[in-house]
Amino acid sequence: MKTVPEILKLAAGEMGDQCKACPVCDGKACRNRMPGPGAKGIGDVAIRNYDAWQKIRVNMDTLVAKGAIDTTFRVFGREYAMPLFVGPIGAVTLHYGKKLGDAEYNDILIPAAKKAGILAFTGDGVDATIMQRATKTIAAAGGCGIPTVKPWDTATVREKMALARSTGAPAIAMDIDAAGLPFIQNLDPPAGPMSVDELAEVVASAGVPFIVKGVMSAKVARKAKQAGAAAVIVSNHGGRVLDQCPATAEVLEEVVDAVGDSMTVFVDGGIRSGVDIFKALALGADGVLVCRPFAPMIYGAGEEGVLQLITKYRAELADTMLMCGARKLSDITRDMVRV
Ligand SMILES: Cc1cc2nc3c(=O)[nH]c(=O)nc-3n(C[C@H](O)[C@H](O)[C@H](O)COP(=O)(O)O)c2cc1C
């Protein structure tokens with residue numbers, strides 16, 4: 001088996017002009033490259049996401065009873081190997097060059113994530129075939145994946161929700177912040193903001209728990225709750241939708257305090273290790289998404305790359321739990337980190 005650094009070397013030069021398959025995916029080399037994996041405007045929101053996790057320290061405590069470390073995670077009626085999902089990428093060719101299309105990317109990612117005992121989200125795009133193929137791949141994997149629909153006009157959302165429902169997925173997501181993406185603005189179908197009532201209709205049509213992705217404050221989390229969503233993802237779309245946002249680590253606790261007792265709270269943006277996953281859980285998240293780092297794994301080594309990165313994150317999470325006095329996820333508490 002190749003190591004993650006070896007796979008990154010294989011990916012370098014294979015990923016179009018914008019992604020450099022960096023040793024640490026910290027948003028610097030691709031900065032404001034969009035199309036590409038960068039961020040919007042001056043491009044520092046992705047960097048800020050990464051930096052914010054690095055400012056958080058973990059508190060060591062080895063004076064606890066011995067016991068096996070258990071990273072298993074239950075959500076939406078299923079059990080997973082760890083509280084990690086692979087984040088969605090839509091329009092793969094546009095951002096990472098011609099080597100892979102969305103269908104090929106998801107055909108590698110979805111079964112590989114399933115094999116590792118977790119789930120991957122799939123993305124959406126102006127090109128209708130992206131969602132059509134993504135939902136076929138999830139269905140073929142027995143519903144092991146989460147389709148993410150963009151906030152298009154009502155008719156398009158209805159069509160895409162029907163595709164999403166046909167997958168057998170345990171949940172369906174919507175990236176409500178997608179209207180800010182420079183490359184989908186003023187295109188057809190149009191994407192844009194929606195009212196709480198409009199969102200409530202989409203949530204009601206899902207038939208499975210609904211996840212609202214792109215929540216960056218207590219106020220918006222409460223609106224998602226009012227619309228009937230089961231979960232929120234604290235996310236600024238990796239800095240791709242609005243320049244000068246706060247980092248996700250900075251607003252996570254605010255969202256957890258507002259809705260954490262009644263909704264599942266996930267977070268993404270710059271999480272790059274099992275130690276970072278531990279920090280997010282200590283700040284109150286139920287689970288995390290990691291997105292960009294999986295792209296070079298897939299370009300460099302396909303299924304093996306996905307499996308290796310998940311294995312690495314799981315080992316790092318287990319090690320941090322061991323060293324901070326947690327045996328299972330519910331043992332991880334706020335006092336185990338220092339902000
Ligand atoms: C090239 C690219 C495409 C993306 N496409 C989608 C998408 O279709 N739907 C979505 O909800 N998020 C999309 N995202 C956002 C990610 O899922 C995630 O929220 C963001 O990248 C932050 O996580 P990260 O720092 O781990 O990459 C995309 C991100 C990138 C870099």
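Trainee: What share of the 339 residues in the chain is buried?
Mentor: Keep in mind that this is a predicted model. A residue counts as buried when its relative accessible area is under 20%. By that cut-off, the buried share of the 339 residues is 57%.

Trainee: And how does the radius of gyration sit against the globule rule?
Mentor: The chain has 12 helices and 12 strands. For 339 residues the globule rule gives 20 Å, and the chain comes close to that, so it is as compact as a globular protein of that length. The C-alpha trace spans about 60 × 45 × 40 Å along the principal axes. The radius of gyration itself is 18 Å.

Trainee: Among contacts between residues at least 6 apart in sequence, what percentage joins residues at least 24 apart?
Mentor: V212 and V234 give you a feel for sequence separation: they are 22 residues apart along the chain, with C-alpha atoms separated by 8.8 Å. For the percentage you asked about, the partners have to be at least 24 apart, and the share is 72%.

Trainee: Is V212 buried or exposed?
Mentor: V212 belongs to strand β8, residues 210-215. Beyond its neighbours within four places in sequence, V212 is in contact with M174, I176, L199, A224, A229, A231, V232 and I233. Its relative accessibility is 1%, and since the cut-off is under 20%, V212 is buried.

Trainee: Which strand holds D175, and what is its relative accessibility?
Mentor: D175 sits in strand β7. Leaving out neighbours within four places in sequence, its contacts are T148, V149, K150, P151, K213 and H237. D175 counts as buried, at a relative accessibility of 4%.

Trainee: Which residue offers its backbone nitrogen to the side chain of T167 at 3.1 Å?
Mentor: T167 is in the loop between α6 and β7, and it is buried with a relative accessible area of 4%. Past its neighbours within four places in sequence, T167 touches T135, I138, A139, G143 and P147. The backbone nitrogen that lies 3.1 Å from a polar atom of its side chain is that of A169.

Trainee: What does C30 touch, apart from residues up to four places away in sequence?
Mentor: C30 is in the loop between α1 and α2 and counts as buried at 11% relative accessibility. Its C-alpha lies 10.0 Å from that of I47, 17 residues apart along the chain. The residues C30 touches are Q18, P37 and G38.

Trainee: Which peptide bond in the loop between α1 and α2 is cis, with omega near 0 degrees?
Mentor: Most peptide bonds are trans. P35 is in the loop between α1 and α2. A cis bond also leads from D188 to P189, with omega near 5 degrees, and P189 is in the loop between β7 and α7. The one with omega near 0 degrees runs from M34 to P35.

Trainee: Where is A91, and what is its phi?
Mentor: Most residues other than glycine have a negative phi. A21, in the loop between α1 and α2, has a positive phi of about 50 degrees although it is not a glycine. A91 is in the loop between β4 and α3, and is buried with a relative accessible area of 15%. The phi of A91 is positive, about 60 degrees.

Technical notes
Residues numbered from 1 in each chain as written. Predicted model: local features only at pLDDT ≥ 70, side-chain atom pairs only at ≥ 80, totals over all residues. Heavy atoms only, no water. Helix = DSSP H or I, 4+ residues; strand = E, 2+ residues; numbered from the N terminus. Rg over C-alpha atoms; globule rule 2.2 N^0.38 Å. Buried < 20%, exposed > 50% of the residue type's maximum accessible area, 1.4 Å probe, protein only. Contact = heavy atoms within 4.5 Å. Polar contact = N/O pair within 3.5 Å; in protein donor to acceptor, adjacent residues only side chain to side chain.
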